Amino acid sequence: MSEQNDPRAYWRANLRILSVLLAIWFSASFLLGVVFVRPLNAFSLGGFPLGFWFAQQGSILVFVVLVFVYALWMDRLEKRGKGK
Amino acid sequence: MSIQGWTYLIVAVTFALYIGIAVWSRVRTTAGFYVAGQGVPAIANGMATGADWMSAASFISMAGLISFMGYDGSMYLMGWTGGYVLLALFLAPYLRKYGKFTVPEFVGDRYYSQTARVVAVVCAIFVSFTYVAGQMRGVGVVFSRFLEVDIDTGVYIGVGMVFVYATIGGMRGITYTQVAQYCVLIVAYLIPAVAISFKMTGNPIPQLGFGSVVTEGEHAGVFLLEAIDQIHRDLGLPEYTGAFIEGKREMIDIFAITLALMVGTAGLPHVLIRFYTVRSARMARWSVMWALVFIALLYTTAPAVAAFARVNLIQTLHERPYAEAPTWFQNWETTGLIRFEDKNGDGLMQYGEDPDTRELEIDRDIMVLANPEIAELPAWVVALVAAGGLAAALSTAAGLLLVISSSISHDLFKSIFRPQMSEGEELTLARVAAGGAVVVAGYFGVNPPDYVAAVVAFAFGLAAASFFPVLVLGVFSKRVTKEGAIAGMVLGIAFTAAYISYFKLAKLGGAEDWWFGISPEGIGSVGMLLNFAVTLTVSRFTPPPPPEVQALVEEIRLPSREE
């Protein structure tokens, strides 16, 4: 059964994608960049303390990837619905 | 040619370009004026959103702020980019799918209530005006520093510019002007950053350079960030990369502020409205992606600029004789942005934490503006930075003015006072409203309210505590009712506004009185949670929305049907 014929299935699939991406969004910024920043700073990435790098670079890069993956994923979800 | 000659030339050329684009893309319909005919390509909308979003504050002040705050500055970096993830996931595609002209219009339809729409309009206008006053001031400041006119004259020139291209071109004119402005501002930001990165570390990519080894000066052979931490320890300042230590913000405060800025970003009307201008919900998702790419380019460069500036500044000034100060220091001393007072009479400049013995006072704005001079770059680069600052301020001002104009002409007059108005009349009214808003913004630029700093916290706090929960629940719940939404918005705003006013305007308490250690800048995140809780609770005890509203929500959730 395609998602196009069943809007509920399409919506549920969308919510699943949302919760996965949201969990990554939260971890990359609030966990790695704020809550665990001090323990992470014990490690280093080149010349960066790791927690500091996540807070000022890594989190932003993760955000870009998340939004890209979401756009791509939803395109596929919509196409699958239309194909049938 | 001198710096001033170059500045006149580059500013004149870019202004002619902006006006040219506005005339080329002038509009004759309300759809063109409000949402650019909904035909903007995703990548162009991404660039326009980038220029719209990155204001004079992002361009001029942010790197300087981070330079003084170190790790604490991360809350701006994460807060002002992470909001785009929320936009993509929760709002942009659905608002586009709904497909009318304004954010208050969606609130009014989804919550089947003119009251809800009016509350939303008032929020939109208030948030946008507080923002735009700062932009006009920014235009004035840039003009006064680089062209040596006074700040007020600079504001009048800025008002004239925006007046012409916002009233002729509407959203279409603004959008394509913003594309050009993005290009100007990003080039102006990157050139000095790349040059400085290469000079200090041998790595031309600033994002990597500030994690590299310093190649010149007294810290040669040490990682740049380690060198800064060492300098800070020597001066008795908290470590640059250190978090939650003495002299820095608490973890809960950083958490709350980051969240408030993210949610506030996703709730700002001038950002939301940009995603009405593309062809479909699918294009809305892709244009958020492009917007974030273009924004991230500047936002990942800013912390590098901040770190380079920190080392440069202290290394070239601290404990050096005033008589041998570099020429850029003398140039900027005349603007009052950097000041030296020889308190101990030894002829040397001392920098440090204690304001009683510190002899250098450095304004944070100088970090970006003086950067090209510190790095000894040619005069045309200095001029380009001036043009970049103007592009950032003008593009944001124009986007905000359009929100004010459409709120007045479309949400107030067309829907409430004069529904029988023809399209031609509405378009004329929209232009008049845009023109009027520019003049009011110019007035605030010349006579800035003295609570400007508090006002920024207000704009984000309000957007976070009012729009975001109501918009998200409007799409993701069919059960949320108008009573719930109105109660949530009003309580969320009232709580946030009261907290900020108590500490920032009335100044009735200090940091020790903050609830749970959350500063007024971060309280919007508590206001948002309160709004969610109230909206959901009240909705449970009020009758469900009518069937046609539930059908509207169903329809918005369906995949877009383009082609």
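# Chains A and B: a working chat

Biologist: Which elements of chain A have the lowest and the highest mean pLDDT?

Modeller: Among the elements of chain A, helix α3 (residues 50-83) has the lowest mean pLDDT, 91, and strand β2 (residues 48-49) the highest, 96. pLDDT is the predictor's confidence in each residue, from 0 to 100. Helices (H or I, at least four residues) and strands (E, at least two) are DSSP runs, numbered from the N terminus.

Biologist: And what is the mean pLDDT of chain A as a whole?

Modeller: The mean for chain A is 89, and 89% of its residues reach 70 or more. This is a predicted model, in which local features need pLDDT of at least 70, side-chain atom pairs count only at pLDDT 80 or more, and totals for chains, interfaces and linings use all residues. Residues are numbered from 1 along each chain as its sequence is written, while chains are lettered from A and ligands numbered from 1 in the order in which they are written.

Biologist: On to chain B. How many helices and strands?

Modeller: Chain B has 23 helices and 4 strands. Its C-alpha atoms fill a box of roughly 80 × 55 × 45 Å along the principal axes.

Biologist: What radius of gyration does chain B have?

Modeller: 24 Å, which agrees with the value near 24 Å for a compact globule of 563 residues. The radius is taken over C-alpha atoms, and the globule rule is 2.2 Å times the number of residues to the power 0.38.

Biologist: How much of chain B is buried?

Modeller: 57% of its 563 residues count as buried. Buried means that 20 or more other C-beta atoms lie within 10 Å of the residue's own, exposed means 12 or fewer, and partly exposed is in between, with C-beta atoms placed from the backbone.

Biologist: What about α13 of chain B, how many residues does it have?

Modeller: Helix α13 (residues 281-317) of chain B has 37 residues and reaches 53 Å from its first C-alpha to its last, close to the 54 Å expected at 1.5 Å a residue. The expected span is 1.5 Å times one less than the number of residues.

Biologist: Where does α13(B) bend?

Modeller: At B:A296, by about 30°. The bend is the angle between axes fitted to the seven residues ending there and the seven starting there.

Biologist: Why call α13(B) largely enclosed?

Modeller: Because 33 of its 37 residues are buried.

Biologist: What comes after α13(B)?

Modeller: B:E319, with a positive phi near 65°. B:E319 is in the loop between α13 and β1 (320-321) of chain B and counts as exposed, with 11 C-beta neighbours inside 10 Å.

Biologist: How many residues does each chain give to the contact between B and A?

Modeller: Chain B gives 40 residues and chain A gives 37. The largest share of chain B's side, 11 residues, comes from α13(B). By class, that side has 26 nonpolar, 9 polar and 5 charged residues. Ala, Val, Leu, Ile, Met, Phe, Trp, Tyr, Cys and Pro count as nonpolar, Asp, Glu, Lys and Arg as charged, and the others, Gly among them, as polar.

Biologist: Different spot: where is B:G64, and is it buried or exposed?

Modeller: B:G64 lies in helix α4 (residues 56-69) of chain B. B:G64 counts as buried, with 25 C-beta neighbours inside 10 Å. Leaving aside neighbours within four places in sequence, its contacts include B:R364 and B:V368. Two residues are in contact if their C-beta atoms, placed from the backbone, lie within 7 Å.
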